[in-house]
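Please look over the sequence and the structure below before reading on. The paragraphs that follow take up a few parts in turn.

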Amino acid sequence: MSTAISLAYESIALAHPNPHVGAVVVKNGRNIGEGFHEYEKRDHAEIVALQRAGAKARGATMYVTLEPCCHQGRTGPCTKAIIAAGIARVVMAMRDPNPRVAGRGIAELRRAGIEVSVGTDERNARRLNEDFAKWIRTGLPFVTLKSALTLDGKIAMHPGTATPITGRSAREAVQRLRHASDALITGIGTVLADDPLLTDRTREPRRRALLRVVVDSRLRLPAKSRLVKSASRDLLVFTTQSLESAKARALQKAGVEIVRTRPRNRRGRVCLDSMLAELGRREIVSAMIEAGAELNGAALEAGIVDKMILFYAPKIMGPGAVPMARVSPKWFAKSPALDNISVNWYGPDFAVEGYFHDVYGNHGARRKD
């Protein structure tokens with residue numbers, strides 16, 4: 001199963017909107033076939049592994065990170081292929097959160113006389129597809145809020161200025177997080193202060209370009225910014241302003257796509273729930289927020305953050321510096337605590353990671369192959 005999970009990680013940025021799945025066929029203690037799913041190549045991991053095993057698959061055991069599908073989608077049911085190949089035993093890490101499967105694949109295999117066991121290394125398998133689990137059930141992307149900050153919780157010395165905080169190892173980890181995301185969300189304040197590109201710099205292959213998203217209520221995005229200059233169907237701006245204004249038309253002419261949402265409050269700010277619904281409709285399965293105090297605070301108060309990863313550097317900025325998030329005292333009094341917390345070290349820096357929501361809970365259903 002460890003090999004199957006490692007294979008599934010090979011599909012990062014290549015499988016969405018489908019889940020990351022790895023499969024291994026074993027016979028007489030030997031690996032005779034393995035594979036992982038790539039969306040563009042269509043075949044699911046189980047099919048790839050069976051094809052490589054060939055006739056030797058009869059009587060073998062298959063290890064797979066996710067319950068095999070049992071419905072017709074872009075490809076045929078994996079359960080039927082497993083049965084036809086003569087697999088004797090299937091060991092899977094977890095049930096499929098897709099409501100079209102959700103135990104039905106297990107039942108079909110058992111009816112065919114195949115021995116099935118579920119739950120081997122389930123924790124790692126669930127983490128691997130936590131984004132898919134939320135999107136397939138709700139139609140909304142899994143949202144991670146990432147920030148780099150000092151020990152006293154500050155992200156910049158002064159408002160509107162960029163302040164390098166963490167070291168190289170932590171920054172490389174952030175690039176890996178970007179690579180695993182379908183979209184990167186920031187606020188206009190960060191754009192005006194940092195003039196970022198918001199790109200995936202891992203140079204690893206990905207099926208579709210990282211979607212760069214700017215929350216810009218008043219449509220202040222500069223036409224000369226690096227984001228606009230590099231726009232190529234991968235820059236999306238959410239605003240509450242008219243799409244017929246001269247500024248909106250100029251940005252659209254430069255290749256920026258603009259979506260108008262209803263304001264979420266009297267201050268005319270973008271409705272973050274509407275933004276997530278639109279991203280989910282576009283099959284954005286995972287989105288990471290890399291922003292300043294205003295958008296971080298708004299996202300936390302809106303309850304849209306599923307997971308938080310905070311990279312801490314052993315530094316102190318002191319009073320007057322910019323906090324990680326601006327939240328109201330009322331929100332803090334009833335704010336949820338992070339659960340399932342873990343800590344990872346990156347040289348002198350460390351990251352605290354935790355969850356606000358259990359995405360494997362009882363959400364509304366949305367069906368997708």
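How many bridges join strand β1 to β2, and do these strands run parallel or antiparallel? Strand β1, which covers residues 22-27, is joined to β2 by six bridges, and the two run antiparallel. One residue pair can be picked out here: Lys27 has Arg30, in β2, as its bridge partner. This is a predicted model, and the same caution applies to what follows. In general, the strands of a sheet pair through backbone hydrogen bonds, in either a parallel or an antiparallel way.

These two strands belong to an open sheet of five strands, in the order β2-β1-β3-β4-β5. The pairing in this sheet is mixed. Its edge strands are β2, residues 30-36, and β5, residues 115-118, and each of them pairs on one side only. From one strand to the next, the twist averages 15 degrees.

Helices pack on the sheet as well. Helix α1, made of residues 2-9, touches β1, β2 and β3, the last being residues 61-64. The direction of α1 makes about 150 degrees with that of β1. Helix α4, residues 104-111, also packs on the sheet, where it touches β4 (89-92) and β5. The direction of α4 makes about 150 degrees with that of β5.

Now take a single residue of the sheet. Thr61 is found in strand β3. Is Thr61 buried or exposed? Its relative accessibility is 14%, and residues under 20% count as buried, so Thr61 is buried. Apart from its neighbours within four places in sequence, Thr61 is in contact with Val24, Val25, Val26, Arg89 and Val91.

The cysteines come next. How many disulfides are there? The count comes to zero. For Cys78, the closest cysteine sulfur is that of Cys69, at 3.7 Å; a disulfide needs the two sulfur atoms within 2.5 Å, so this pair is too far apart for a bond. Cys78 is buried, because its relative accessible area is 1%. Cys271 also counts as buried, because its relative accessibility is 5%.

The last topic is the space inside the model. The count comes to two cavities of 30 Å³ or more. The largest cavity holds about 170 Å³ of space. It is lined by 17 residues, and the closest to its centre are Pro19, His44, Leu66, Cys69 and Asp96. Cys69 thus appears twice in this account: its sulfur is the closest cysteine sulfur to that of Cys78, and Cys69 is among the residues closest to the centre of the largest cavity.

How values were computed. Residues are numbered from 1 along each chain as its sequence is written. This is a predicted model: local features need pLDDT of at least 70, side-chain atom pairs count only at pLDDT 80 or more; totals for chains, interfaces and linings use all residues. Side-chain values use heavy atoms; hydrogens and water are left out. Two strands pair if DSSP finds at least two bridges between them. Helices (H or I, at least four residues) and strands (E, at least two) are DSSP runs, numbered from the N terminus. Axes are lines fitted to C-alpha atoms, for helices over the stretch in contact, and angles run from 0 to 180 degrees between N-to-C directions. Contact means heavy atoms within 4.5 Å. Buried means under 20% relative accessible area, exposed over 50%, partly exposed in between (1.4 Å probe, protein chains only). On a 1 Å grid over the protein atoms alone, a cavity is a set of points where a 1.4 Å probe fits but cannot get out, and a pocket is an open set with protein on both sides within 12 Å along at least five of seven lines; lining residues have an atom within 4 Å of a point. Grid points are joined across faces, edges and corners, and a volume is the space filled by probe spheres set on the points.
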